[in-house]
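The following paragraphs offer a guided reading of a single protein chain. They begin with one term that the description relies on and then proceed from the fold to the pocket.

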Amino acid sequence: MSRGPDIGTALTRAIAQQARRADCPVEIVTADWDQWASATFVGARHQITLAAPLNPAIERWLGGLADAEFAISGHLVADLAISATRKSAGRVEADLEILTVETR
């Protein structure tokens, strides 16, 4: 019985889907995650690098990404930070650090 994609896959899909809706599709260059837990929460820490053609739409989208809502079954994005951006030759790469928490 399949339980669906793991949280890392679900999160990268949600990010890519949101970028497409904002008319700025992105390429996920790298994605990794580790399980995380505190005394009251269980979740995961994610490190994602994405890339896209440099244009005003991607800059607006990245600028609002920390406040974005993501639809991920059984999880919520508790924190999202852009730790670095690199721009060169008409392309931007952004490193994201994300904390997800299980809601079930």
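Two strands are said to pair if DSSP finds at least two bridges between them. With that term in hand, the beginning of the sheet can be described: a hairpin of four residues joins β1 to β2. The model discussed here is a predicted one.

The overall plan may be set out before the details. The chain holds two helices and four strands, and its elements follow one another from the N terminus in the order α-β-β-α-β-β. Its C-alpha atoms fill a box of roughly 45 × 30 × 20 Å along the principal axes. A compact globule of 104 residues would have a radius of gyration near 13 Å, and the chain, with 14 Å, therefore agrees with that expectation.

How are the four strands ordered in the sheet? They form an open sheet in the order β1-β2-β4-β3, with antiparallel pairing. β1 and β3 (75-88) are the edge strands, each pairing on one side only. From one strand to the next, the twist averages 15°. As a general matter, the strands of a sheet pair through backbone hydrogen bonds, in either a parallel or an antiparallel manner.

The pairings can now be followed across the sheet. β1 and β2, the strands of the hairpin with four connecting residues, run antiparallel and are joined by ten bridges. Within this pairing, Glu 27 has Ala 51 of β2 as its bridge partner. Ala 51 also has a bridge partner in β4, namely Glu 93. The antiparallel pairing of β2 with β4 extends over eleven bridges, and another partnership with β4 is that of Ile 48 with Leu 96.

Two helices pack on this sheet. α1 touches β1, β2, β3 and β4, and its direction makes about 40° with that of β2. Helix α2, comprising residues 56-64, touches β2, β3 and β4, and its direction makes about 165° with that of β2.

There remains the pairing of β3 with β4, which is antiparallel and extends over twelve bridges. One of its partnerships links Ala 81 to Glu 97 of β4. β3 and β4 also form a hairpin, with two residues between them. In the turn of that hairpin, Ala 89 has a positive phi of about 50°.

The description closes with the largest pocket, whose volume is about 350 Å³. Which residues of its lining are the closest to its centre? Of the 17 lining residues, these are Pro 5, Asp 6, Ile 7, His 75 and Arg 104. In character, the lining divides into seven nonpolar, six polar and four charged residues. Several elements contribute to the lining: α1 (7-21), β1 (27-37), β2 (42-53) and β4 (91-102) each supply at least two residues. The element that gives the most is β2, with three residues. β2 thus appears both in the lining of the largest pocket and in the sheet, where β2 is joined to β1 by ten bridges and pairs with β4 over eleven.

Terms used. Residues numbered from 1 in each chain as written. Predicted model: local features only at pLDDT ≥ 70, side-chain atom pairs only at ≥ 80, totals over all residues. Heavy atoms only, no water. 1 Å grid on protein atoms, 1.4 Å probe; cavity = no way out; pocket = protein on both sides within 12 Å on 5 of 7 lines; lining within 4 Å. Points joined across faces, edges and corners; volume = space filled by probe spheres on them. Nonpolar A, V, L, I, M, F, W, Y, C, P; charged D, E, K, R; others polar. Axes fitted to C-alpha atoms, helices over the stretch in contact; angles between N-to-C directions. Contact = heavy atoms within 4.5 Å. Rg over C-alpha atoms; globule rule 2.2 N^0.38 Å.
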